[in-house]
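Dear colleague,

I am passing on the structure we spoke about, and below it you will find my notes on what turned up when I went through it. Please read them with the coordinates open beside you.

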Amino acid sequence: MTTECKIGVYVCSCGTNIGKMVDCDAVTGYTKNLPGVAVCKSYKYMCSNPGQEMIVKDIQRYGLDRVVVAACSPRMHEPTFRAAISHGGLNPYYLEMANIREQCSWVHDDHQQATDKAKALTCAAVKRVPFHEPFDMQSVPMNSASLVIGGGVAGLTAALELADANQPVYLVEKDGKLGGNLARIDLTSPYLDSAKDLLAERICRVTKNPKITVMLNSEVESISGYVGNFKAQIKSNGEAVTDIEIGSIIVCTGFREFDASKVGEYGYGRFPNVVTSFDLEKMLKEGRVVMKDGKTPKYVTIINCVGSRSGKYNRYCSRVCCMTALKYANGIKSAAPDAFITNLYTDMNAFGKGCEDFYRRSAERDTIFMMFDKHAPPTVSAAGKGEHFNMLVKVNEILSGEEVEIPADMVVLMVGMEAREDSMNVARLVNISRDKDGWFIESHPKLDPVATSTDGVFIAGACASPKDIPDTVAQARATTARILAKICQGEIWVEPVYAEINEDLCSGCRVCNELCPYSAIDYDPVKKRSAIISVMCKSCGGCVAGCPSGAIKARHFTDKQIFEQIEGVLEWASSRA
Amino acid sequence: MDKKKLQIALYWGAACGGCDVSVLDTNEFILDIAAACDIHMWPIAHDGKYKDIEALEDGFLDLAMYNGAVRNSENEHIAHLLRKKSKVMVAYGSCAHIGGIPGLANTFTREEIFESAYLKNPSIQEGNKTVPQPQTEVDGGELTIPAFYKRVYKLDDVVDVDYYIPGCPPAPEQCKAVLSLIVSGQPLPPKGSVVGASERALCEDCQRKKDEKMIKQFFRPWQIIQDPEKCLLEQGIVCAGSATRSGCGVRCPDSNMPCRGCYGPMPNVVDQGAKIISSVSSIIDSQDPEEIDKILSGIHDITGYAYRFGMAGSLLQRSVR
Amino acid sequence: MGFEPRIVGFLCNWCSYTGADLAGTSRIKYQPNVSIIRVMCSARIDPTFVLKALSMGADGVVICGCHPVDCHYISGNYKAMRRFPLLKKLLKEFGVEDERVRLEWVSASEGQRFSEVINDMTDKIRALGPSKIRVQLDADKVER
């Protein structure tokens, strides 16, 4: 096989990014003598138009049937060069990249050693690429209906967006009413619009829209199938089960608030007038901010970062609390005009549109801001007998360097956001991953923030990470753009890289059956064979390594290809020794 | 000597004799063989001498079937001799195919083996320090015995092999089928083929019911009362059946013993033991490292499970010393 | 130049390979002894790959995958987690030193940690000396 191949090898110096540390001419000099290599060139920017053109022309001129590009990470430019060789008339999977930048020139500081390693990595690619096989994208039909899990602002927005485009939606909400966490909120920051107004209009439109089937008191029981062709079972009111068929799933399950009683020094649960931000929202919605005894508080202390940005609880920032706390200064002032408000914060994160102005306006009003070190949080204790206030908050104010004691009738804890307690179940249900904090993981944090590792399953809003309303709404709409694009195409193209079982070698031992995280392996009890449903396979290769009979092949990551790479990296090393 | 007859020789290297018995176990068929063939050497049944083989023209024999591993210089010498004199050389049985049980000795050095067998063995008379030497001076003359190699080799490590018939021993019916094919003069499969065995794993022919597999505890066969209908692996008994070619007739699982892998790796598999390790551990029902360790502690002698027969044919072939 | 270990690294695409790329974009320097082979998930790493690398002359093999719970494929890394101790048990019986084969969890954000793993492993194997596996296998062909 190797002798029949005509491989073109292109060594990129990436300006000086590679060339400064790796002697690219030495790499080409070594590589051009490897078996199967028909042409080997070095160029300053392979990813540039002239660089890509060079490959396209060489494919024709030399009749190349395989291409190796030794350049940056394949995670960076594999799609670029696949497109280029495809343009040159080769199947895109006839490409192999050697990562001589991120994993070589950028991380080593010895020219000789870096050059040697670049040779080894290129040798591995040259040995691997003859064993590449051509693949074509696979097409499956697209069901235009969608399932939206969660009826908060994200779910409502997504459902409306799809229904407005005339596509059917099933909106499943665990609770007895729509609105989610936003329904627990009074005003929104920074413009102090009413949350109720934002929601009411949406809920009204959702419930009236004939394209949207709202299922309250309902939970998704099971999901099977794959992108474009899912089947789900919805259990309503604990019993009735509805079977639905959908093409896409949007997970909008939101967040839960941090349990403030975990932070002992703040006295939540011990002192009746230590309340959480959500307790205060409830009061604000009712239009009266009062203590447990019904009196209006005179001194209100707001403590930020409760459970957030902490080594002990959650390390991340919950993003919305700072602006929410500013909002409270206004709200409390309206309900209790004489109140004296202190805002204890670690950093004031006013990143959003209009937020910095909002901070300035709030600071100009009667709020005292005090900064504390997140490693030395304030403490709340009962006030001494006979004091005219009922609690004492002690804080090491770091800007002044002084220890300050603040009287308080009410302490408001700005509790952060946490992944919901059922996020693990949801993740399993729709086959997506969670990070260490329990948030759902996006396909790419920057470039693909609403897709997930499972095709056809999207995430929006605070189930993926703490988010404010605008970001949540933007994400919800983004998911629908992705779905509508697929619906418009009518069919979906799925990556042809998956695992496949060679029926002639499968003995039906069923070792692989439990290994697939996507339930893509089907066992046929009559034929006594296992088979992989290719569109459901995500090509992790777990079954391939686990198959005792060697009957499963991982497309594009075959045993043979990997053996060649192993030999390649070590062959260079052996020849040097 | 009838030149129309097939000219054959059978030999045992480092073997237990079971392979030869498996040929005899073809029962009356052996008479057909005797009628169709001239047997030039078969130590267990026929009085052929090395010098008789040496006297033959090169390539004279139509078929040589070599069973047993290559443990010493005599095994290798005869392997070379038979190769030279034969048109077709067959590695017969697990030992010739992949090293077999003798291959397990590759976890020890020659010195350790000698120490255990000749110096520390309880049956050795005290003070007797005799260890086999290839050459010994006796009364002014030199006596030689074959040199004991530092490790065990499979047959194709020392000579070119045309076909492999796996099994410890090969099932007599498989032996019969292969010999019949050769006697019939029909075209032979491509060189290097494993013959007399299936392309599928033992599970194909094992009648036990197979289900999805998740294991919480491993057992040795005697530690539990088996469900005779159920897959042994699912019951926590390390069975190599799914990593082993079928062809034996499911002798072990049908006798309530797990497959030990004597028919060798599947066609696409490079290392049978690695596959046994990979598959058996994949189906452990735990995501907790400590619990996984605890479950794995139920597997004693992993080398024995992974390479009961395939050590010499594995990637590492022997332990590192 | 003294002994320079040859280490083969098998890295999962989503966490560890990305983490190694991050070490690059962050210009974190580490020793050049490891050559990386990318697989989609640590679950793809067949113990055969490790044995193959060792038999081909690798002085060490490092397998890197996503941290437990964090797997891109939900539970792929648990398969690596289950296979690894059994493989290690076997390697121990074969006399392969503990330091030579490692399983490490490296996330996409742990470029620094990746460099530390590689440096630590390279140092330890350099101190341990070359692997005898390949040398022995080659010698076995010549001298019985």
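Val69(A) is a convenient place to begin: leaving aside residues up to four places away in sequence, Val69(A) touches Tyr10(A), Cys12(A), Met46(A), Phe81(A), Leu95(A) and Met97(A). Please keep in mind throughout that this is a predicted model. Val69(A) is also among the residues with the most contacts inside the largest nonpolar core, which has 277 residues, and it shares that position with Ala70(A), Val148(A), Ala159(A), Val251(A) and, from another chain, Tyr66(B). Separate from this is a second core of 45 residues, which includes Val289(A), Ala336(A), Phe358(A) and Leu413(A).

The domain assignment helps to place these residues, since it divides chain A into domain 1 (7–135), domain 2 (146–254 + 420–492), domain 3 (258–418) and domain 4 (499–554). Between the C-alpha centres of domain 1 of chain A and domain 2 of chain A there is a distance of 43 Å.

In chain B, I looked mainly at strand 3 (residues 61–67), which is mostly covered, with 6 of its 7 residues buried. Strand 3 of chain B pairs in the parallel sense with strand 1 (residues 6–12) of chain B over 5 bridges, and in this region Trp12(B) stands opposite Asn67(B) of strand 3. Strand 3 of chain B also pairs with strand 5 (residues 86–92) of chain B, again in the parallel sense, over 6 bridges, and here Met65(B) is found opposite Val90(B) of strand 5.

Turning to the contacts between chains, the one between chain A and chain C takes 44 residues from chain A and 38 residues from chain C. On the chain A side, helix 4 (101–105), helix 5 (111–128), helix 13 (542–546) and helix 14 (559–576) each supply at least two residues, and the largest share, 10 residues, comes from helix 14 of chain A. By residue class, the side of chain A that touches chain C divides into 19 nonpolar, 13 polar and 12 charged residues.

The contact between chain C and chain B takes 28 residues from chain C and 27 residues from chain B. Helix 2 (47–55), helix 3 (76–93) and helix 5 (133–142) of chain C each supply at least two residues of the side that touches chain B, with helix 3 of chain C giving the most, 11 residues. The side of chain C that touches chain B is made up of 14 nonpolar, 4 polar and 10 charged residues.

With best wishes

Methods: Residues numbered from 1 in each chain as written. Chains lettered and ligands numbered in written order. Predicted model: local features only at pLDDT ≥ 70, side-chain atom pairs only at ≥ 80, totals over all residues. Contact = placed C-beta atoms within 7 Å. Helix = DSSP H or I, 4+ residues; strand = E, 2+ residues; numbered from the N terminus. Nonpolar A, V, L, I, M, F, W, Y, C, P; charged D, E, K, R; others polar. Domains from an automatic or database assignment. Buried ≥ 20, exposed ≤ 12 C-beta atoms within 10 Å, placed from the backbone. Pairing = 2+ DSSP bridges. Core = buried A, V, L, I, M, F, W, Y, C linked by C-beta atoms within 7 Å.
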